[in-house]
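Here's a quick briefing to read alongside the structure. Take a look at the model first, then work through the notes below.

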Amino acid sequence: MSGSTIKVIIGPQHPALKEPERFILETEGEYVVDVKVRIGYIHRGIEKAMENRTYLQGLYLSERVCGICSDAHTTCYVQGVEELLGVEPPPRSRFIRVVVAELERIHSHLLWLGIAAHEIGFDTLFMYVWRDREIVMDLLEIVSGNRVHYATNTIGGVRRDLNDEKIHKILKGLKTLEDRAKEYLKMIQKEQTVLKRTVNVGILSKSDAIKYGAVGPTVRASGVKRDVRADDPYAAYDEIPFNVIVEDGCDCLARIMVRSREVLESIHIIREALKRMPGGEIRVRVKPRIPPAEALSRVEAPRGELLYYIRSNGTDKPERCKIRTPTLANIPSLCKMLVGGYIADVPIVLAGIDPCFACMDRVLVIDREKREAKVWTLDMLRRYGREWYRKR
Amino acid sequence: MAFAREALRNIFKKPVTEKYPFERREPAEGFRGRPVWDMKKCIGCGTCVRVCPVKAVEMIGRGREATIKHHLERCIYCGQCAESCPVKAITMTPEYELSDTDKSKMLHVYERK
């Protein structure tokens, strides 16, 4: 790097959502020329802890890898364990898994939309979106008995059945949600406050998205049709027709649009799943001990492809459990997006991949560089971003 | 402009936020609150101790004589104990205001009468 660059350090406190991670930006004037990421601040040793718990106990631990996509983690985990056991979950349980997974996707995308609005200083939208997110949180509470950690999945099926009353409540809630989601979709496309801060910001071209292995809404916003639900169907996704949402914008607006449209698509999937749901059992009983085998399981979490690798050794505890979360897969593309952009755009670009650092931190990459640096907290950066755009 | 209309419409609505300590929300049906042991049914098999992912349940003694200790501060309210109990002696109550500054109140002891 030439002598004229200045390092701006963001974090480790709260660079995007409320989680610690550190980004070192090399800047030249207002432009970001290089990005270094230091991850690992909240390494919790979950994979190691899995090895000391039985498969059933590990289920509740996997749920706690991430607070937002907790259902995706358990789905992925139980699918892996079911593969090890050679057990097929009953058809009805697979549909219930779809319903909960899509409700979770709606809640996660609405949460993200609120955060994105907050990052660009549009707090009014943030408040409205989060108000409407309560509808889906209530639905999740009705279905699973809890707002956040649903504990719906279990090895060999699901723990709770859906009755007519619950289905009626879900459909009623979805109607309101659909109206609201359509309204927000219209609003985002027209509202200058959003457009001015997101169009042509954080560009990730189609070829770069493929090259850096982006996943989830990030890759779909760059025009790549990649979705585990469609490419490698699990649960009951092979029996439900749905569209994979793709946008060609490659910028932050496209990421907002993909997620907003996915909310509508998820509503459609839930309706179809409820319509097609067969009757019968919701779970099969399984043995606690699992013969030696290996399993790889993939799930489309709200943020992208989630991967579990589990190896059993004949006891009631796994020998190894490896988790690859979508945020980790998106970090290389995030660095690509930041380079060449303005410092003022860093918060929205960072938030654009919907990072979840707590789930990501299981690998330690230590980057030691000691040069003169100026340290900013995200609040300072966010304020700076707003001021900078106001002056422009 | 699209947003201005929405904002105007919301000016005349009352706040959505519930005034929590004064207004309490009813938890949904099937909510997993504090688990309670029915010692008349309990056979002291120790299944709840074994399945608990966070070691929140302790059993002192064995069989019909056993005493159950439940540590609220460790409990994650997953309901696995209630599900695994062979005699359905455990129920998840809708009780949710469980935090306290006094640690001794977090321990619930279920003894045989």
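Let's start inside chain A: strand β7 (residues 304-312) has seven of its nine residues buried, so this strand is largely enclosed by the rest of the structure. Keep in mind that this is a predicted model. From β7(A) we can go to its partner strands, then to the chain overall, and finally to where chain A meets chain B.

**β7(A) and β6(A)**

- On one side of the pairing story is strand β6 (residues 293-301) of chain A, which runs antiparallel to β7(A) and is joined to it by nine bridges.
- If you want a pair to click on, try Ala293(A), whose bridge partner in β7(A) is Ser312(A).
- The two strands, β6(A) and β7(A), make a hairpin, with two residues between them.

**β7(A) and β8(A)**

- Strand β8 (residues 318-324) of chain A also pairs with β7(A): six bridges link them, and they run antiparallel.
- Here a handy pair to look up is Ile310(A) and Cys321(A), the latter in β8(A), which stand opposite each other.
- What is the phi of Gly314(A) in the hairpin of β7(A) and β8(A)? It's positive, near 95°, and this hairpin has five residues between the strands.
- As a bit of background for looking at any of these strands, side chains in a regular strand alternate between the two faces of the sheet.

**Chain A as a whole**

- Zooming out, chain A contains 15 helices and nine strands.
- Its radius of gyration is 21 Å, close to the 21 Å that the globule rule gives for 392 residues, so chain A is as compact as a globular protein of that length.
- Measured out along the principal axes, the C-alpha atoms of chain A fill a box of roughly 65 × 45 × 35 Å.
- Of the 392 residues in chain A, 50% count as buried.
- Take the contacts in chain A between residues at least 6 apart in sequence: 74% of them join residues at least 24 apart.

**Where chain A meets chain B**

- The contact draws on 19 residues from chain A and 16 residues from chain B.
- On the chain A side, α2 (55-63), α5 (123-144) and α6 (164-190) each supply at least two of the residues that touch chain B.
- Which of the elements gives the largest share of that side? That's α5(A), with five residues.
- Sorted by class, the side of chain A that touches chain B has eight charged, seven nonpolar and four polar residues.

Note on methods: Residues numbered from 1 in each chain as written. Chains lettered and ligands numbered in written order. Predicted model: local features only at pLDDT ≥ 70, side-chain atom pairs only at ≥ 80, totals over all residues. Contact = placed C-beta atoms within 7 Å. Helix = DSSP H or I, 4+ residues; strand = E, 2+ residues; numbered from the N terminus. Nonpolar A, V, L, I, M, F, W, Y, C, P; charged D, E, K, R; others polar. Buried ≥ 20, exposed ≤ 12 C-beta atoms within 10 Å, placed from the backbone. Pairing = 2+ DSSP bridges. Rg over C-alpha atoms; globule rule 2.2 N^0.38 Å.
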